[in-house]
Amino acid sequence: MDHKSRKKTILVADDDIDYLGQMQLLLEAAGFEVLTAESRKEAEEILARRRPDLAVIDLMMEHQDSGFVLCYHIKKKDPSIPVILVTAVTSETGLEFDTTTEEERSWIKADRVLAKPIRYEQLYAEIGRLIGKG
Amino acid sequence: MTTLKILVADDEPGMRLAVERALRSFRLDLPEIGEEVHFETSPAESGEQALEMIGNSPPDILLLDHKMQGISGLEVLERLRGTESQDILTVMVTAYASLETAVSAIKKGAFDFLAKPFTPQELKDTVSKAAENLIMARHARRLEQEKRQVRFQFISVLAHELKAPLNAIEGYLNIMREQPEAMQSRETYERVIERCTVRTAQMRKLIVDLLETTRIESGRKKRELAQVDLAAAARAAIETAAPEAQQRGIEIRLEAPGQITMTADRSEIEIILNNLVSNAVKYNRDGGRVVVKIEQRDSRVVIAVSDTGIGMTAEEAASLFQEFVRIKNDKTRNILGSGLGLSIVKKLALLYGGKVEVASTPDEGSTFTATLDRADCGEN
């Protein structure tokens with residue numbers, strides 16, 4: 001297949017199937033191929049077979065820190081895959097973190113952190129900045 | 001053990017010493033709240049010194065002599081009024097048991113009074129009364145606070161549980177409004193409608209269960225007691241669960257005598273059975289089996305609902321009957337529930353002098369057993 005016509009692939013991992021379904025609808029409409037995973041375990045299984053062009057992963061899945069662990073594994077496997085970490089913790093617990101300081105970037109292995117509920121324009125913009133259009 | 005600080009304000013050194021000696025090894029037992037109270041006294045030679053000491057470190061109880069050089073006991077009381085020290089329990093000590101002094105002391109906020117001369121026992125009795133009053137009030141305050149805490153937690157979780165389906169539905173609506181091109185296939189459209197319907201139903205169930213929880217706790221709604229046939233109620237519950245069971249190839253069997261009656265509120269019995277049977281289907285494997293067994297043992301009725309489902313660990317089972325406890329793992333991820341069903345079953349079983357228990361093996365199944373007392377319908 002001609003490299004230029006290949007759809008870019010995005011892995012979306014989230015334990016809320018409605019959220020997952022919504023991301024899939026939107027990203028497919030934007031021209032991406034979407035791989036969905038309902039847990040870190042499922043995401044790791046997909047990653048063993050496929051190399052997505054980008055990953056959008058939720059922080060809290062089977063465990064409170066599943067997203068951090070998954071980020072770490074993706075980056076360890078292939079540091080060139082951009083990762084967007086999505087989290088509801090800011091609105092749920094008031095816990096805040098981002099990747100704008102060097103110190104936080106050093107332990108959060110994500111390229112961007114976005115808060116739920118996600119604003120789609122923002123998500124499209126971030127994806128565009130990281131890997132271009134679908 | 002609690003130690004209460006007593007400030008002894010008296011200008012007679014002998015008096016201060018006598019009080020200190022009498023209370024040094026005195027213990028007050030409050031078995032009903034499991035407390036043993038010890039006392040620690042500190043002396044003040046005058047009203048001025050007492051006020052200063054109170055300002056620095058307020059005692060729990062103040063033994064205040066009425067007649068002192070300088071400012072009197074009544075004046076001390078007056079000055080404490082309106083300050084943050086006004087809640088110190090004060091026992092006024094009067095040299096002459098004049099009713100007038102006692103009355104004005106009580107009016108100014110003293111808790112009690114003690115007439116001089118007094119025996120060590122009289123002193124201990126008076127101090128005991130003050131101490132008990134104080135400890136009980138603190139205990140009640142603590143209970144009230146814990147209750148508020150539990151309530152607050154309940155509301156936080158509830159808010160979270162109500163928000164989840166709303167977020168999902170809102171998410172779909174946003175896509176329809178802002179990205180209609182994502183909704184173009186018939187399939188997608190139907191899937192979105194289906195998911196919104198499921199989440200709406202979940203929210204409605206949560207609200208119904210919530211109202212039921214509130215109703216049981218407040219005891220407000222009038223219960224209608226009648227002779228209820230549990231076998232018939234079980235058949236009705238099975239019928240309600242049948243569509244989902246059929247869809248997933250789950251067989252439901254009833255093992256019960258033709259009729260088994262007890263005095264009860266029909267809707268409460270229906271709630272118990274519906275919750276247990278619908279759980280046994282929801283948490284079952286496809287092609288599994290549910291057995292609903294109802295039997296009478298002496299004055300008790302035993303309802304046992306067994307499934308061949310995912311089961312749970314002992315640790316998971318231990319917290320299962322609490323509000324909003326839902327076991328979260330790969331197997332339960334897509335099963336919707338309000339998290340209130342089993343806590344309601346437990347509350348209702350208690351109402352009938354009974355209980356509900358679970359025996360379970362992971363990946364093999366669970367048996368929920370509700371035992372109700374036929375002679376107890378919760379009206380006594």
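**Exercise 1. How many bridges join strand β1 of chain A to β2(A), and which way do the two strands run?**

Some ground rules come before the solution. This is a predicted model: local features need pLDDT of at least 70, side-chain atom pairs count only at pLDDT 80 or more, and totals for chains, interfaces and linings use all residues. Residues are numbered from 1 along each chain as its sequence is written, while chains are lettered from A and ligands numbered from 1 in the order in which they are written.

Solution.
- Find β1(A) at residues 9-13. Strands (E, at least two residues) and helices (H or I, at least four) are DSSP runs, numbered from the N terminus.
- Five bridges join β1(A) to β2(A), and the strands run parallel. Two strands pair if DSSP finds at least two bridges between them.
- Take I10(A): its bridge partner in β2(A) is V34(A).

**Exercise 2. Work out the strand order of the sheet in chain A, then place helix α6(A).**

Solution.
- The open sheet has five strands, ordered β2-β1-β3-β4-β5, with parallel pairing.
- β2 (33-37) and β5 (112-115) of chain A are the edge strands, each pairing on one side only.
- From one strand to the next, the twist averages 20 degrees. Axes are lines fitted to C-alpha atoms, for helices over the stretch in contact; angles run from 0 to 180 degrees between N-to-C directions.
- Helix α6(A), residues 120-131, packs on the sheet and touches β3 (54-58), β4 (83-87) and β5 of chain A. Its direction makes about 170 degrees with that of β5(A).

**Exercise 3. Describe the contact of chains A and B.**

Solution.
- Chain B gives 15 residues and chain A gives 13. Contact means C-beta atoms, placed from the backbone, within 7 Å.
- On the chain B side, α5(B) supplies the largest share, six residues.

Notes
Contact = placed C-beta atoms within 7 Å.
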